[in-house]
Every structure is written in structure tokens, then in C-alpha cells.
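Work through the exercises below with the sequence and the model open. Try each task before reading its solution.

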Amino acid sequence: MSNDISNESSESSESSESEVASVADFFNNQEFLKREWDGRQTDWLLQWLCQFINKNGLEVGVTLTIGGMLVTGTLISHDKYFEQFSKDFSDPFAVSGTEVQEQMRSIILGFNPAVDPDEQLPALQYIHLKNARTYMSSSDHLPTKGTLWRGKIAAVDGFTLGFLGKVD
């Protein structure tokens, strides 16, 4: 009978040691932690909506709640965002010549690598809007004319489909 108790003790001790080792491995794997725990605060439905927009090239009006502010605009794909951003950023360089302008455009477009449509991608981390306006505590919005906007999906507290106010 005493043998059974000591065997159970040693098995329990080995089990506890392996659990401690696996917990240590768990917390030492930074990539896993980032993906598993940071993502838990991210709205999976908003990530899915952004992925759907990216795959299909559609555009839809959204209003986001972010830390007490409202951001409203048209949800666009990652590709459309980078195309417009590269144009907006490179246009002022036209005064230096079209070669400089095209170099700047190429640099910005280089931040948007080509993706195989059949490849399984990690969950999206950013949301892109055009004609975006930010509303603070008053009814005034910034900017007065809509703009290109990029934000972290994890920072979004909530969202609704549709625009807030009039659309240009």
C-alpha cells in the first residue's frame, strides 16, 4: 500500500513538472502569445469584414467607435488604400520631376506586397477608410473634407454599418 502512495506521488510530481515546463514554454513563445492573447481583444467580425472587403474589392460605409471618438467613412481594401496613399504622398514630389514622383510612389507601393489569393493569411490587424471624418464630443468633425484613414482593428471598441452624417 505504501508503494502505491509513493508511485502516485512521483507520477503527480512528474506531471506537475511537465505542466510547469509547458507553461514556461507557453510564456516564452512571444509569437504565440502575441497571436493568441493580443487577438482576443480584437473584434473577429470586424476582421472578417475587412478580409471580405480585401478579397472582393467592395466598399461599404462604416462608423467606428474608438476611445470615445467616432470615425466614419468608406471601408476600402488594403490594396485601394495603398494605391491612394502612394498617389497622395507622391503627388507633391511632381515639382521635383516625374522620376522622383514615381520613385516615391514605388517606395510606398513596396509596403504592400503581392499576396497569393489561395494562401491562408493571418488575421488582419488594420482597417482602411476613405472619405473618413473624426467626430469628437461636439457635432463638428475633423477634417472638414473626408480623408484617407488607417487604424488598428484592435483599437476599435465598436462599429456600425453606414455613415454618420452626410457623405460627399
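**Exercise 1. Place S90 and classify its exposure.**

Solution. This is a predicted model.
Step 1: find the element. S90 lies in helix α4, which covers residues 78–90.
Step 2: take the accessibility. S90 has a relative accessibility of 1%.
Step 3: apply the cut-off. Buried means under 20%, so S90 counts as buried.
Step 4: list the partners beyond four places in sequence. S90 is in contact with Q101, M104 and R105.

**Exercise 2. Describe the surroundings of T72.**

Solution.
Step 1: locate the residue. T72 sits in strand β2, residues 69–75.
Step 2: classify it. T72 counts as buried because its relative accessibility is 3%.
Step 3: look at the polar atoms of the T72 side chain. One lies 3.2 Å from the backbone oxygen of V62. The backbone nitrogen of L164 is 2.9 Å from a polar atom of that side chain.
Step 4: check the contacts, leaving out neighbours within four places in sequence. V62 and L164 both appear among the contacts of T72. Others include T63, L129, N131, Y135 and F163.

**Exercise 3. Do the same for G73, then find its separation from W149.**

Solution.
Step 1: G73 is also placed in strand β2.
Step 2: its relative accessibility is 0%, so G73 counts as buried.
Step 3: skip residues up to four places away in sequence. G73 then touches V60, G61, V62, L129, K130, N131, A132 and F163.
Step 4: compare sequence and space. G73 and W149 are 76 residues apart in sequence. Their C-alpha atoms are 8.6 Å apart.

**Exercise 4. Which residues make the nonpolar surface patch of about 570 Å², and is L58 buried, partly exposed or exposed?**

Solution.
Step 1: name the members. The patch is made by W44, L45, W48, F52 and L58.
Step 2: place L58. It is found in the loop between α3 (44–56) and β1 (60–66).
Step 3: classify L58. Its relative accessibility is 41%, so it counts as partly exposed.

**Exercise 5. Summarize the whole protein.**

Solution.
Step 1: count the elements. The protein has five helices and five strands.
Step 2: read their order along the sequence. The pattern is α-α-α-β-β-α-α-β-β-β.
Step 3: give the buried share. Of the 168 residues, 26% are buried.
Step 4: give the surface. The accessible surface is about 11,600 Å², and 55% of it belongs to carbon and sulfur atoms.
Step 5: consider contacts between residues at least 6 apart in sequence. Of these, 62% join residues at least 24 apart.

Key. Residues numbered from 1 in each chain as written. Predicted model: local features only at pLDDT ≥ 70, side-chain atom pairs only at ≥ 80, totals over all residues. Heavy atoms only, no water. Helix = DSSP H or I, 4+ residues; strand = E, 2+ residues; numbered from the N terminus. Buried < 20%, exposed > 50% of the residue type's maximum accessible area, 1.4 Å probe, protein only. Contact = heavy atoms within 4.5 Å. Patch = residues over 30% accessible without salt bridge, like charges linked within 9 Å, V, L, I, M, F, W, Y side chains within 5 Å. Areas by Shrake-Rupley, 256 points an atom, 1.4 Å probe, with all protein chains shown as cover. Salt bridge = Lys/Arg side-chain N within 4 Å of Asp/Glu carboxyl O. Polar contact = N/O pair within 3.5 Å; in protein donor to acceptor, adjacent residues only side chain to side chain.
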